[in-house]
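Biologist: I'd like to learn how to read a model like this one. Could you walk me through it, feature by feature?

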Amino acid sequence: FTKCCQETGVLMVVKCRQENTALKDCLVGYYSDPSFYEECKAEYLKQREEYRATGIKKKRQKFTPNV
């Protein structure tokens, strides 16, 4: 989806519909997976505990597009 949007520019809304649909279907699969939800929840709670103990925020991980 990212590659399609970068190549298409302004017309991405029209030309990248198929890729957008595939991306949404993939994300819905993850969002409805209870084990993935619990994994994310545990990671969040761990980071929150570290912040409350130290007062230092952890830097966010930067994601690079799959080009």
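Modeller: We will go from the overall fold to the cysteines, then to a lysine and the surface. Keep in mind that this is a predicted model.

Biologist: Let's begin with the fold. How many helices and strands does the protein chain have?

Modeller: The protein chain has 4 helices and 0 strands. Read from the N terminus, the order of elements is α-α-α-α.

Biologist: And how much of the protein chain counts as buried?

Modeller: A residue is called buried when its relative accessible area is under 20%. Here 4% of the 67 residues fall into that class. The accessible surface of the chain is about 6,700 Å², and carbon and sulfur atoms account for 55% of that area.

Biologist: Now the cysteines, which I always look for. How many disulfides are there?

Modeller: The test is whether two cysteine sulfur atoms lie within 2.5 Å of each other. By that test there is 1 disulfide. Cysteine 4 and cysteine 16 are the partners, with 2.0 Å from S to S. The bond links distant parts of the chain: cysteine 4 sits in helix H1 (residues 2–8), while cysteine 16 is in the loop between helix H2 (12–15) and H3, 12 residues apart.

Biologist: Why is the disulfide of cysteine 4 and cysteine 16 called left-handed?

Modeller: Look at the torsion about the S-S bond: it is about -95°, so this disulfide is left-handed.

Biologist: Are cysteine 4 and cysteine 16 buried or exposed?

Modeller: Cysteine 4 is buried, because its relative accessibility is 11%. Cysteine 16 is buried too, at 1%.

Biologist: What about cysteine 5?

Modeller: Cysteine 5 takes part in no disulfide; the nearest cysteine sulfur belongs to cysteine 16 and is 4.4 Å away. Cysteine 5 has a relative accessible area of 15%, so it counts as buried. For cysteine 26 the value is 43%, which means partly exposed.

Biologist: Let me try a residue that is not a cysteine. Where is lysine 15 found?

Modeller: Lysine 15 belongs to helix H2. Its relative accessibility is 56%, so lysine 15 counts as exposed. An exposed residue can still have contacts, so let's check those here. Setting aside neighbours within four places in sequence, lysine 15 is in contact with Cys4 and Thr8. Lysine 15 and cysteine 5 are 10 residues apart in sequence, and their C-alpha atoms are 8.4 Å apart in space.

Biologist: Next, the rings. How many aromatic pairs does the structure hold?

Modeller: There is 1 aromatic pair. Tyrosine 30 and phenylalanine 36 make up this pair, which is tilted, with 5.1 Å centre to centre and 55° between the planes. Tyrosine 30 is partly exposed because its relative accessibility is 44%. Phenylalanine 36, with a relative accessible area of 28%, is also partly exposed.

Biologist: Last, the surface. Which residues form the nonpolar patch?

Modeller: The patch is made of Phe1, Leu23, Leu27, Tyr30 and Tyr31, and together they have about 510 Å² of accessible area. Tyr30 will be familiar, as tyrosine 30 is also in the aromatic pair.

Biologist: Could we look at one member of the patch? Where does leucine 27 lie?

Modeller: Leucine 27 lies in helix H3 (residues 17–31). A relative accessibility of 34% means leucine 27 is partly exposed.

Technical notes
Residues numbered from 1 in each chain as written. Predicted model: local features only at pLDDT ≥ 70, side-chain atom pairs only at ≥ 80, totals over all residues. Heavy atoms only, no water. Patch = residues over 30% accessible without salt bridge, like charges linked within 9 Å, V, L, I, M, F, W, Y side chains within 5 Å. Areas by Shrake-Rupley, 256 points an atom, 1.4 Å probe, with all protein chains shown as cover. Salt bridge = Lys/Arg side-chain N within 4 Å of Asp/Glu carboxyl O. Helix = DSSP H or I, 4+ residues; strand = E, 2+ residues; numbered from the N terminus. Buried < 20%, exposed > 50% of the residue type's maximum accessible area, 1.4 Å probe, protein only. Phe/Tyr/Trp six-rings, centres within 6.5 Å; stacked < 30°, edge-to-face > 60°. Contact = heavy atoms within 4.5 Å.
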